[in-house]
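This report covers a metal site, the internal spaces of the protein and two residues of one loop. The structure comes first, followed by the description.

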Amino acid sequence: MNTRRPVEEALQRVHLPIESASGLPNSCYTEHSAFEQDRDTVIAPSWTCIGFGTDVPVNWAVPVDLMGYPLLITRDKAGTVRVFHNVCSHRGMKLVPEAGKLGTGLIRCKYHSWAYDFSGELIGTPSLGGADINEHKDFDPTVNGLKPIRSTVWMDNIFINLSNSGESFDEFLAPLMQHWSKWVTAESLNEFKPAATHGKLELVVKSNWKLAIENFLEAYHLPWVHPGLNSYSPLSQHYDIERGQNFSGQGSSSYTSPAGADGNLSTWPKEQLKYAEYPVLYPNTLLGLQSDHFFTMTILPLSETESLERVQLLFLGDVADADTHESHRQSILEGWREVFSEDIFAVEGMQQGRSSPAYQGGVFSPVMDQHTLHFHQWVANRFANGL
Ligand code: FES
Ligand SMILES: [Fe+2]
């Protein structure tokens with residue numbers, strides 16, 4: 001008996017009412033062709049977080065591999081962050097192999113020594129026109145610079161739009177900012193600063209990137225996977241936030257800072273300090289907004305069966321960088337490390353289950369899994385638009 005449904009039929013079932021819908025088929029999580037399809041139809045046209053501003057000091061160039069595409073993040077001496085394809089315009093050498101400071105302000109290819117400045121302009125082509133002749137009448141350096149990628153930095157997250165098309169980042173973010181307008185403004189969010197110490201953690205999970213997203217979208221698993229968290233922020237006090245055009249997730253109405261609150265955001269209403277929200281900005285940016293700190297977890301797909309989770313914490317005022325608050329920062333970071341580590345077995349277990357021919361997308365709780373299905377539908381729509 002053939003137990004596999006054609007992918008097209010499976011994708012149609014994603015759009016049924018939740019009571020009768022099935023999720024994305026196994027092949028979307030297990031096959032390399034699906035990984036490339038994710039890259040080109042889901043990730044590329046979206047705003048994708050590829051790292052943090054703190055990864056890239058002034059005058060540094062930092063290579064990043066995004067699902068097989070070599071990219072390069074630079075920060076010039078004025079502090080401007082840019083993202084390019086990490087490939088030399090000449091013979092296609094990967095331009096920068098490892099992160100480092102470029103004291104000269106030039107990005108120089110190691111093959112024939114062509115040099116680009118930090119805005120991507122080609123400004124040096126030694127011996128291009130013959131030995132010691134650095135130009136040629138038939139060669140125009142102004143059209144042979146690095147190929148830029150639309151990028152922006154928000155909450156110290158570096159976002160790119162790989163396809164260089166579609167809505168602006170501000171348009172992309174607007175629905176979430178509208179949703180959060182009860183607590184914050186664009187200006188007040190700028191009060192958060194990256195933690196000077198104890199601000200980052202990384203976890204590698206043996207699962208497709210989408211399963212890490214799906215796990216973050218629901219609070220259903222709290223009592224069984226996070227008994228500690230559930231003791232002070234129980235499932236009964238979690239709620240679904242709205243399912244926006246490009247975000248969804250859950251919130252808690254019983255948030256308390258594990259290390260004790262030490263200052264809150266200026267615009268946050270005092271009677272709402274127990275609220276916190278955990279949306280996913282589709283496709284890969286997981287956010288945590290609390291009155292006293294903020295985090296981002298970006299999910300970087302490494303292969304169809306492996307992903308890198310990178311977390312950065314932001315705090316307010318002295319809490320972000322004063323030595324006297326080091327233990328507070330450490331306490332918050334270790335609290336989140338515990339929670340995120342607890343999720344790994346579940347995410348990896350779902351990946352293993354997707355090798356089973358008996359599983360064909362599963363079923364959804366009509367109440368608890370609405371966001372998971374919303375994400376599946378969003379992904380399926382991207383497939384449909386990109387095919
Ligand atoms: S490939 Fe880079 S200078 Fe030739
Ligand atoms: Fe979890």
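How many cavities of 30 Å³ or more does a search of the whole structure find? The search finds one. The model is predicted, and the values below are computed from it.

**The cavity**

The space in the largest cavity amounts to about 90 Å³. Its lining is made up of Val 205, Ala 212, Asn 215, Phe 216, Leu 286, Met 297, Glu 309, Phe 340, Asp 343, Ile 344 and Val 347. By class, eight of these residues are nonpolar, one is polar and two are charged. Two helices, H6 (209-217) and H11 (344-353), each contribute at least two residues to the lining of the largest cavity. H6 has the largest share there, with three residues.

**The iron site**

Asp 343, listed in the cavity lining, is also a ligand of the iron ion (ligand 2). The iron ion (ligand 2) is coordinated by His 221 through NE2, by His 226 through NE2 and by Asp 343 through two OD entries, at 2.1 to 2.6 Å. Along the chain, the donors follow the spacing H-x4-H-x116-D. Both histidines, His 221 and His 226, are buried.

Why is the site of the iron ion (ligand 2) irregular? Its four donor atoms make angles of 54 to 145°. Four donors count as tetrahedral only if all angles lie between 85 and 135 degrees, and as square planar only if opposite donors are over 155 degrees apart and all others between 65 and 115. The range of 54 to 145° meets neither condition, so the site is irregular.

**The two largest pockets**

The table sets out the volume and lining of each pocket.

| Pocket | Volume | Lining residues | Nonpolar | Polar | Charged |
|---|---|---|---|---|---|
| Largest pocket | about 410 Å³ | 29 residues | 13 residues | 12 residues | four residues |
| Second largest pocket | about 310 Å³ | 16 residues | seven residues | five residues | four residues |

In the largest pocket, the lining residues nearest the centre are Leu 229, Tyr 278, Trp 336, Val 339 and Phe 340. The elements giving two or more residues to this lining are H6, helix H8 (227-232), strand S14 (247-252), strand S17 (293-303) and helix H10 (326-342). H10 supplies the largest share, seven residues. Phe 340 also appears in the lining of the largest cavity.

In the second largest pocket, Glu 214, Glu 218, Met 350, Asp 369 and Thr 372 lie nearest the centre. At least two lining residues come from each of H6, H11 and helix H12 (370-386). H6 and H11 are also the helices named for the lining of the largest cavity.

**The loop before H6**

Where do Ser 207 and Asn 208 lie? Asn 208 is placed in the loop between strand S12 (200-205) and H6, and Ser 207 lies in that loop as well.

Are these two residues buried or exposed? Asn 208 has a relative accessible area of 0% and is therefore buried. Ser 207 counts as buried because its relative accessibility is 0%, where the cut-off for buried is under 20%.

A polar atom of the Asn 208 side chain lies 3.0 Å from the backbone nitrogen of Lys 210. For Ser 207, the C-alpha atom is separated by 8.6 Å from that of Ser 303, a residue 96 residues apart from it along the chain.

Definitions and conventions. Residues are numbered from 1 along each chain as its sequence is written. Chains are lettered from A and ligands numbered from 1 in the order in which they are written. This is a predicted model: local features need pLDDT of at least 70, side-chain atom pairs count only at pLDDT 80 or more; totals for chains, interfaces and linings use all residues. Side-chain values use heavy atoms; hydrogens and water are left out. Donors are N, O and S atoms within 2.8 Å of the metal (3.2 Å for Na, K and Ca); water is not among the atoms, so sites may look incomplete. Four donors count as tetrahedral if all angles lie between 85 and 135 degrees; four count as square planar and six as octahedral if opposite donors are over 155 degrees apart and all others between 65 and 115; anything else is irregular. Buried means under 20% relative accessible area, exposed over 50%, partly exposed in between (1.4 Å probe, protein chains only). On a 1 Å grid over the protein atoms alone, a cavity is a set of points where a 1.4 Å probe fits but cannot get out, and a pocket is an open set with protein on both sides within 12 Å along at least five of seven lines; lining residues have an atom within 4 Å of a point. Grid points are joined across faces, edges and corners, and a volume is the space filled by probe spheres set on the points. Helices (H or I, at least four residues) and strands (E, at least two) are DSSP runs, numbered from the N terminus. Ala, Val, Leu, Ile, Met, Phe, Trp, Tyr, Cys and Pro count as nonpolar, Asp, Glu, Lys and Arg as charged, and the others, Gly among them, as polar. A polar contact is a pair of N or O atoms within 3.5 Å; within protein, one must be able to donate a hydrogen and the other to accept it, and residues adjacent in sequence count only if both atoms are side-chain atoms.
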